[in-house]
Amino acid sequence: MRKSSYLLGLDLGTTRVKAVAIDGGGKVLESHDSGYPLNRPTADAAEQDPEDWWRESCKVIRKTVSKSGIRAEEIEALAIAGQMHTAVFLDKNLKPLRPAITWADNRTSAEAAEIEKRVGVERLLNVTYNRSLPGFTASKVLWLKHH
């Protein structure tokens, strides 16, 4: 007889993290979420502390698993979704150097324009299929270099 299998999902969103426990048939057994701040040091900036993500993720995972009635060792798979284009810059010990610059940050407009000028819009579109935008990671890397 095969043991029961369960899945755990984690969605790390812009202002909340959500965990969900699902049985092998797709039935949701339990779900919990928790919020964290989106810091705006200036009108065009949007940053978060990665430690907030970690702390709140651990909290909702523990709560979801314990309230679902399943044991952690019964979880066969974990699915994780996160914020696209949020940049976390790490030191040599893999610790964040500064708050993460989220996808919603727009202070990198000058750097996005600089990338398009250096690379050329046509070449950028041919290679990446995108224009250089403030929310994308490359402009954040250049912004960090400049500042």
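Colleague: Why does Lys59 count as partly exposed?

Modeller: In this predicted model, Lys59 has a relative accessibility of 43%. Partly exposed covers the range between under 20%, which is buried, and over 50%, which is exposed, so Lys59 counts as partly exposed.

Colleague: What makes the contact between Glu56 and Lys59 a salt bridge?

Modeller: The N to O distance between the side chains of Glu56 and Lys59 is 2.8 Å. The cut-off for a side-chain nitrogen of Lys or Arg and a carboxyl oxygen of Asp or Glu is within 4 Å, so the pair of Glu56 and Lys59 qualifies as a salt bridge. Both residues are in helix 1 (residues 50–68), 3 residues apart, which means about one helical turn separates them.

Colleague: Is Glu56 buried or exposed, and how do you know?

Modeller: Glu56 has a relative accessible area of 6%. Buried means under 20%, so Glu56 is buried.

Colleague: What does the salt bridge between Arg16 and Asp33 tie together?

Modeller: The closest N and O atoms of Arg16 and Asp33 are 2.5 Å apart. Arg16 belongs to strand 2 (residues 16–23) and Asp33 to strand 3 (residues 28–35), so the pair ties together parts that are 17 residues apart in sequence. Arg16 is partly exposed at 42% relative accessible area, and Asp33 is partly exposed at 41%.

Colleague: How do you know which label fits Arg71 and which fits Glu73?

Modeller: Arg71 has a relative accessible area of 48% and Glu73 has 53%. Exposed means over 50%, so Glu73 is exposed, while Arg71 is partly exposed. These two residues also form a salt bridge, with closest N and O atoms 2.8 Å apart. Elsewhere, salt bridges with shared partners join Glu47, Arg98, Asp105 and Arg107 into one network. The search of the whole structure finds 11 salt bridges.

Colleague: Why is Arg98 called buried?

Modeller: Arg98 has a relative accessibility of 19%. The limit for buried is under 20%, so Arg98 counts as buried. Arg98 is in the loop between strand 5 and strand 6. Leaving aside residues up to four places away in sequence, Arg98 touches Glu47, Phe89, Arg107, Trp143 and Leu144.

Colleague: What makes the pair of Arg98 and Glu47 a polar contact?

Modeller: The contact between the side chains of Arg98 and Glu47 is 2.8 Å. A polar contact needs N or O atoms within 3.5 Å, so this distance meets the cut-off.

Colleague: What makes Leu90 eligible for a nonpolar patch by its accessible area?

Modeller: Leu90 is partly exposed, with a relative accessible area of 43%. Patch residues need over 30%, so Leu90 meets that condition. Val88, Leu90 and Leu94 form the patch on the surface, with about 270 Å² of accessible area together. Leu90 is in the loop between strand 5 (75–81) and strand 6 (100–101).

Colleague: How do you know whether the protein is spread out or a compact globule?

Modeller: The protein has 4 helices and 6 strands, in the order β-β-β-β-α-β-β-α-α-α along the sequence. Its radius of gyration is 19 Å, well over the 15 Å that the globule rule gives for 147 residues, so the protein is more spread out than a compact globule. The C-alpha atoms fill a box of roughly 65 × 35 × 30 Å along the principal axes.

Colleague: How much of the protein is buried?

Modeller: Buried residues make up 38% of the 147 residues.

Note on methods. Residues are numbered from 1 along each chain as its sequence is written. This is a predicted model: local features need pLDDT of at least 70, side-chain atom pairs count only at pLDDT 80 or more; totals for chains, interfaces and linings use all residues. Side-chain values use heavy atoms; hydrogens and water are left out. Patches are made of residues with over 30% relative accessible area and no salt bridge: like charges are joined within 9 Å, nonpolar side chains (Val, Leu, Ile, Met, Phe, Trp, Tyr) within 5 Å. Accessible areas come from the Shrake-Rupley method with a 1.4 Å probe; for residues, only the protein chains shown count as cover. Helices (H or I, at least four residues) and strands (E, at least two) are DSSP runs, numbered from the N terminus. Buried means under 20% relative accessible area, exposed over 50%, partly exposed in between (1.4 Å probe, protein chains only). The radius of gyration is taken over C-alpha atoms; the globule rule is 2.2 Å times the number of residues to the power 0.38. A polar contact is a pair of N or O atoms within 3.5 Å; within protein, one must be able to donate a hydrogen and the other to accept it, and residues adjacent in sequence count only if both atoms are side-chain atoms. Contact means heavy atoms within 4.5 Å.
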